[in-house]
Amino acid sequence: PAENARAGLRRLEGLGNVHVLGFRPYDELPAYVSGFSVGVIPYRATAYTRNCSPLKVFEYLAAGKAVVASGVPELGGMEPDVALADGAEAFVAAVESALAADSSDAVERRRQLAEKNTWDARTERLLGLVGGRLAR
């Protein structure tokens, strides 16, 4: 698996429209995301990705970015701000659609969605569910 990843990275580095920047400190990442037009989560569909919920979706949304994802059905139901796309053609079409649908209202809606999913907000919801269950 590691050699496959290295080979894939070498292929990407050979493309004229791909810039591999290497590791960056976490606190620098928001500056990079601010330059994105669309946040992408291009996962292969595996048993793992079918059961994961990538937190980067909320980082993208907090920056006001539309998101296009594949291989992560857990992100379903977050439309129109998160589009799920299976296959290369559908993924490209979803990115093009996200680019065309960008507006200041959409940016604000995405930020509000992210705000509802901070760790504090998620913890409060979980505690409310557990507390309600215990009260019964």
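Helices, of at least four residues, and strands, of at least two, are DSSP runs numbered from the N terminus. With that in hand, welcome to the tour; please keep in mind that this is a predicted model.

**Stop 1: the whole chain**

Start with everything on screen in cartoon view. You should find 6 helices and 3 strands in the protein chain. Walking from the N terminus, the elements come in the order α-α-β-α-β-β-α-α-α. The C-alpha atoms fill a box of roughly 60 × 40 × 30 Å along the principal axes. If you colour by burial, 26% of the 136 residues in the protein chain turn out to be buried. As for contacts between residues at least 6 apart in sequence, 51% of them join residues at least 24 apart.

**Stop 2: the sheet**

Now select residues 39-42, which form strand E1, then 67-70 for strand E2 and 82-84 for strand E3. These 3 strands make an open sheet in the order E1-E2-E3, with parallel pairing. E1 and E3 are the edge strands, each pairing on one side only. On average, neighbouring strands here are turned by 15° against each other, direction ignored.

Next, add helix H4 by selecting residues 88-100. H4 packs on the sheet and touches E1, E2 and E3, and its direction makes about 165° with that of E2.

Zoom in on the strand pairs. E1 and E2 are joined in the parallel sense over 4 bridges. Show Gly 39 and you will see Val 67 of E2 opposite; show Ile 41 and its opposite number in E2 is Ala 69. On the other side, E2 and E3 pair in the parallel sense over 3 bridges. There, Ala 69 has Leu 84 of E3 as its bridge partner.

Which faces of E2 are covered? Both are: Val 67 and Ala 69 on one side, and Val 68 and Ser 70 on the other, are all buried. E1 offers a contrast in its own right, with a covered face made of Gly 39 and Ile 41 and an uncovered one made of Val 40 and Pro 42.

**Stop 3: the crossover**

Keep E1 and E2 in view and add residues 56-62, which are helix H3. Together, E1, H3 and E2 make a right-handed β-α-β unit.

Before leaving, pick Asn 51 in the loop between E1 and H3. Is Asn 51 buried or exposed? The cut-off for exposed is over 50% relative accessible area, and Asn 51 counts as exposed because its relative accessibility is 67%. Its side chain reaches the backbone oxygen of Ala 47 at 2.8 Å. Try a distance label from Asn 51 to Gly 71 as well: the two are 20 residues apart in sequence, and their C-alpha atoms are 9.6 Å apart in space.

**Stop 4: the loop between E2 and E3**

Two residues deserve a click here. Pro 80 lies in the loop between E2 and E3, and the peptide bond leading to Pro 80 from Glu 79 is cis, with omega near 5°. For background, most peptide bonds are trans.

Asp 81 is in the loop between E2 and E3 too. With a relative accessible area of 4%, Asp 81 is buried. Show side chains and look for the polar contact of 3.3 Å between Asp 81 and Arg 110. Leaving aside residues up to four places away in sequence, Asp 81 touches Leu 61, Ala 66, Val 67, Ala 106, Arg 109, Arg 110 and Leu 113.

**Stop 5: towards the C-terminal helices**

Select residues 104-115 for helix H5, then Lys 116 in the loop between H5 and H6. Lys 116 is exposed, with a relative accessible area of 55%. Not counting residues up to four places away in sequence, Lys 116 touches Ala 121 and Arg 125. Draw a line from Lys 116 to Ala 85: these residues are 31 apart along the chain, and their C-alpha atoms are separated by 24 Å.

Finish with residues 119-135, helix H6. H6 has 17 residues and reaches 24 Å from its first C-alpha to its last, close to the 24 Å expected at 1.5 Å a residue. How many of the 17 residues of H6 are buried? The number is 0, so H6 lies largely in the open.

Conventions: Residues are numbered from 1 along each chain as its sequence is written. This is a predicted model: local features need pLDDT of at least 70, side-chain atom pairs count only at pLDDT 80 or more; totals for chains, interfaces and linings use all residues. Side-chain values use heavy atoms; hydrogens and water are left out. Buried means under 20% relative accessible area, exposed over 50%, partly exposed in between (1.4 Å probe, protein chains only). Two strands pair if DSSP finds at least two bridges between them. A crossover is right-handed if, with the strands pointing away from the viewer, the path from the first strand over the helix to the second runs clockwise. Axes are lines fitted to C-alpha atoms, for helices over the stretch in contact, and angles run from 0 to 180 degrees between N-to-C directions. Contact means heavy atoms within 4.5 Å. A polar contact is a pair of N or O atoms within 3.5 Å; within protein, one must be able to donate a hydrogen and the other to accept it, and residues adjacent in sequence count only if both atoms are side-chain atoms. The expected span of a helix is 1.5 Å times one less than its number of residues.
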